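Please open the structure in your viewer and keep the selection tool at hand. The stops below take you from one selection to the next, with a short account of what is there.

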Amino acid sequence: MDFEGSAGAASIASLEPFEEGVAEYYDSLLVPILFEPYASEMAIVAERWKPGSVLEVAAGTGALTRALRATLDPATEIVATDLSHAMIDVGAPSLTMSRTHWMHADAQNLPFASSMFDLVVCQFGVMFFPDKVKAYDEAKRVLRSGGRFLFTTWDSLPANDFARCVDECLASLFPSNPPEFLRDLSYSYFDIASIKAQMSSAGFDPVSCDRIELTSVAAAHDIAMAFCQGTPLREEIERRAPARISEIVDEVAERMESRHGVRPCGGMSAFVVVGRAS
């Protein structure tokens, strides 16, 4: 089926923070498929350092926040921040425990004094920072001496089954103008040498980057909905095929089901990065 439209591509740089409708799909579908498995892994890593105070940047709707709250000492202060008000509006009501705070904040310009936190964390958000070194500088600034910056970033698109399949399906539906979000943003920041160099330039030493491979199982239609409705792919699709998003979701789901079955099991690959502030 041909969905090629004439609206033209949306510039990746112009994509707005997740709107409310997108944030709801993100939380209900994308979080359990992609983010909860890695949130559990990150919380285990964070617990090793017994932090008394944690700042989370680009927290989304709180997948990692909830994992940290369930794993860390109840006395640990957690401040979860995100650039998107819609993400906070969806995520904050799900986690109202004491010593857990939500704030709107830009990771590149944090509204905190220097040396406030023992740990700064970010789950799959660094890829979206326009100036990564500036964001890393800010993480370093708000950390106490000896504190750590812990984040995850996706490995390449070919190493992540569900995302690769969605990207390939959409490219076949829009062959002359394929959506760019997955390939140019979400799954674009995986060069280990570059990551380590940027972290080191911000003053983190030593820096480790460890690959963690996990699997996820979900219904083919849920996967299609999660990516096409719960990410900025939705805006890209709607620009190319106005008012046809449901039809395209169904087409992506059918193609994924034909390749991988009704309930695919997909491999995921990401890097867990840790830097210590001197």
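Begin by selecting phenylalanine 149 and phenylalanine 151, both of which are buried in this model, which is predicted rather than determined by experiment. Their ring centres lie 5.1 Å apart and their planes meet at 50°, so the pair is tilted, since an angle that is neither under 30 degrees nor over 60 falls in that class.

Keep Phe149 selected and add Trp154, Val166, Leu170, Phe204 and Phe227, and you will have the residues with the most contacts inside the largest nonpolar core, which has 94 residues. If you then colour helix α1, residues 20–47, you are looking at the element that gives the most to this core, with 14 residues. In soluble globular proteins, nonpolar side chains tend to be buried together.

Which residues are in contact with valine 166, leaving aside its neighbours within four places in sequence? Select Leu182, Ile223, Phe227, Cys228, Leu233, Val252 and Met256 to see them around valine 166. Apart from the largest core lies another one, of 6 residues, and Ala59, Ala92, Leu95 and Trp102 are among them.

Go next to the aromatic rings, where the count comes to 13 aromatic pairs. Select tyrosine 26 and phenylalanine 35, whose ring centres are 5.4 Å apart with the planes at 40°, so that this pair is tilted. Tyrosine 26 is buried, with a relative accessible area of 12%, and phenylalanine 35 is buried as well, with a value of 8%; both count as buried because the cut-off is under 20%. Extend the selection to Tyr38, Phe124, Trp154 and Tyr187, which form one aromatic cluster together with Tyr26 and Phe35.

A ring can also have a charge over it, as you will see by selecting lysine 132 and tyrosine 189: the charged end of the lysine sits over the tyrosine ring, 4.9 Å from its centre.

Finish with strand β1, residues 53–56. Are its two faces covered or open? Both faces are covered, with Ser53 and Leu55 buried on one side and Val54 and Glu56 buried on the other. In a regular strand the side chains alternate between the two faces of the sheet.

Now add strand β2, residues 77–82, which pairs with β1 in the parallel sense over 4 bridges, and find serine 53 opposite glutamate 77 in β2. Between these strands the chain passes through helix α2, residues 63–71, in a right-handed β-α-β crossover. Strand β4, residues 117–123, also runs parallel to β1 and is joined to it by 3 bridges, and there leucine 119 is the bridge partner of valine 54.

Key: Residues numbered from 1 in each chain as written. Predicted model: local features only at pLDDT ≥ 70, side-chain atom pairs only at ≥ 80, totals over all residues. Heavy atoms only, no water. Core = buried A, V, L, I, M, F, W, Y, C linked by side-chain atoms within 4.5 Å. Buried < 20%, exposed > 50% of the residue type's maximum accessible area, 1.4 Å probe, protein only. Contact = heavy atoms within 4.5 Å. Phe/Tyr/Trp six-rings, centres within 6.5 Å; stacked < 30°, edge-to-face > 60°. Lys NZ or Arg CZ within 6 Å of the ring centre and 35° of its normal. Pairing = 2+ DSSP bridges. Right-handed = clockwise from strand over helix to strand, strands pointing away.
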